[in-house]
Amino acid sequence: MKPTRKKNRRVRRAIAVFLASSTTFLATGAATTYAQTAPRPVAVPSPYSGASDNATRQAKEWIARGTPGLALAVAVDGTIVYSEGFGFADLEERVPVWPTTKFRIGSISKPLTAVGLMELVQSGRMNLDAPIQKYVPSFPDKGAPITVRMLGGHLGGIRHYQGDEFLTQKHYSTVTEGLAIFENDPLVAPPGTKFNYSSYGFNLLSAAIESASGQDFLSYMRANVFAPIGLVHTTPDLNSQIVEQRSRFYESPKNGAVENAPYVDNSYKWAGGGFLSTAEDLVRFGSALLQPGILTAQSLKTMFTSQKTTAGEETGYGIGWGIGKTPSGKLFYAHSGGSVGGTSQLIVYPDSRVVVALVSNLSDSTWKEEEVKAVAEAFETIRK
């Protein structure tokens with residue numbers, strides 16, 4: 001049967017509607033490749049509109065300085081009041097950054113690990129002042145006790161990266177395999193005497209966590225830290241797996257041209273710098289530590305109290321967290337992260353209950369910590 005004229009008109013009308021909607025999609029898509037808001041609504045209370053505008057201006061400036069892509073989020077009283085992505089997660093495919101884009105967070109993996117550690121302490125399965133060999137008997141004796149607490153505060157004398165270890169491409173199937181990189185090396189200082197930042201010290205802690213918990217480290221972290229807090233976008237940077245919305249990674253050589261970062265395998269350092277996350281997950285994480293919850297009040301106090309050397313000098317670092325005060329005297333807890341193809345910053349203001357997180361896909365940051373603090377403190381001022 002031949003189609004009727006009425007039916008032909010319906011078909012032509014449907015085609016016209018489809019083409020019109022397609023044109024609108026293409027036009028709006030081209031207009032939103034620079035700054036990407038969340039694909040789901042994020043409520044921004046009107047009192048924060050000025051602070052939000054300031055955050056957006058600052059983020060666009062960081063992009064203009066050469067960062068391919070970044071995401072920025074701020075939470076107040078546990079509620080995300082600002083979350084936005086800027087630039088590109090993938091420059092070649094022109095994939096925009098969303099708040100759900102996953103970036104390498106580098107050493108912000110340490111605060112995550114610290115919460116897992118303190119959960120074991122408060123449940124009585126780990127003793128902060130026990131020598132590490134209680135949990136990792138295979139670790140060589142270094143002539144003086146190295147305690148769990150010392151390792152959590154970079155006082156254990158374990159060395160940091162050397163040479164091109166930061167660029168390793170070797171895959172390690174287990175946490176204990178990765179200890180072979182440094183376990184037979186001499187200490188850089190007697191335990192407890194000197195603050196010496198060491199990602200490898202956290203690798204050793206992850207082996208202790210496995211022993212005390214009876215689980216492999218990654219499974220323990222998923223079940224006891226990520227799931228209880230709701231960190232649904234935080235995951236190990238496993239190269240072999242398909243990870244949804246994982247960013248590409250970039251570096252900027254001296255000539256200023258952005259290039260793909262070299263291939264690395266972060267399986268040797270999950271606890272010290274091997275996780276992927278989003279800005280939103282990180283502010284959720286920081287907000288969860290503003291009051292007892294996943295950790296008790298005593299555990300929070302221990303984690304956020306500066307350790308001291310054997311000479312009584314404060315280090316400005318608790319267990320997995322840097323601790324400081326702004327020039328105006330505001331207390332903050334913070335950690336930055338640097339990795340191949342990623343830089344990040346997490347800052348928690350416990351008194352005003354403001355948390356800010358910045359994640360990006362460039363090896364060298366185009367931002368300063370003071371600028372990130374200024375973004376957060378604009379929200380903090382409003383809250384008062």
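For the lining counts below, Ala, Val, Leu, Ile, Met, Phe, Trp, Tyr, Cys and Pro are taken as nonpolar, Asp, Glu, Lys and Arg as charged, and the others, Gly among them, as polar. With that in hand, let us walk through this predicted model, beginning with its open and closed spaces.

## Pocket and cavities

The largest pocket holds a volume of about 230 Å³. Its lining is made up of R104, D237, N239, R246, S247, R248, F249, N260, A261, P262, Y263 and V264. Sorted by class, that lining gives 5 nonpolar, 3 polar and 4 charged residues.

Rolling a probe the size of a water molecule over the atoms shows where empty space is left. Closed spaces turn up here too: there are 2 cavities of 30 Å³ or more. The table sets out the class make-up of each lining.

| Space | Nonpolar | Polar | Charged |
|---|---|---|---|
| Largest pocket | 5 residues | 3 residues | 4 residues |
| Largest cavity | 3 residues | 5 residues | 1 residue |
| Second largest cavity | 5 residues | no residues | 3 residues |

The largest cavity encloses about 50 Å³, and its walls are T174, V175, G178, N203, S206, S267, Y268, K269 and W270. Helices α5 (175-178) and α6 each contribute at least two residues to this lining. For the second largest cavity, the space is about 30 Å³. Around the second largest cavity sit F139, K142, I158, R159, F182, D185, P186 and L187.

## Helix α6

Since α6 helps to line the largest cavity, it deserves a visit of its own. How far apart are the end C-alpha atoms of α6? They are 21 Å apart, and because 15 residues (199-213) at 1.5 Å a residue should span 21 Å, the two values agree. Burial is the other theme of α6: 14 of its 15 residues are buried, so the helix is largely enclosed by the rest of the structure.

Both ends of the helix have something to show. At the N-terminal end, S198 acts as a cap, with a side-chain oxygen 3.4 Å from the backbone nitrogen of Y200. Just after α6, G214 adopts a positive phi of about 75°.

## Strand β13 and its partners

Next comes strand β13 (residues 354-360). Here 7 of the 7 residues are buried, so this strand is largely enclosed by the rest of the structure. In a regular strand the side chains alternate between the two faces of the sheet. Which residues of β13 cover each side? V354, V356, L358 and S360 belong to one side, V355, A357 and V359 to the other, and all of them are buried.

Two strands pair with β13. Strand β2 (residues 69-76) is antiparallel to β13 and joined to it by 7 bridges, while β12 (residues 342-349) also pairs with β13 in the antiparallel sense, over 7 bridges. V354 is a handy landmark in β13: V76 stands opposite V354, and Y349 stands opposite V354 as well.

## The hairpin turn

β12 and β13 form a hairpin with 4 residues between them. Within the turn, R353 has a positive phi of about 60°. S352 also lies in the loop between β12 and β13. Is S352 buried or exposed? Its relative accessibility is 7%, and buried means under 20%, so S352 counts as buried. The side chain of S352 also makes a polar contact with the side chain of E380, at 2.6 Å.

Technical notes. Residues are numbered from 1 along each chain as its sequence is written. This is a predicted model: local features need pLDDT of at least 70, side-chain atom pairs count only at pLDDT 80 or more; totals for chains, interfaces and linings use all residues. Side-chain values use heavy atoms; hydrogens and water are left out. On a 1 Å grid over the protein atoms alone, a cavity is a set of points where a 1.4 Å probe fits but cannot get out, and a pocket is an open set with protein on both sides within 12 Å along at least five of seven lines; lining residues have an atom within 4 Å of a point. Grid points are joined across faces, edges and corners, and a volume is the space filled by probe spheres set on the points. The expected span of a helix is 1.5 Å times one less than its number of residues. Buried means under 20% relative accessible area, exposed over 50%, partly exposed in between (1.4 Å probe, protein chains only). A polar contact is a pair of N or O atoms within 3.5 Å; within protein, one must be able to donate a hydrogen and the other to accept it, and residues adjacent in sequence count only if both atoms are side-chain atoms. Two strands pair if DSSP finds at least two bridges between them.
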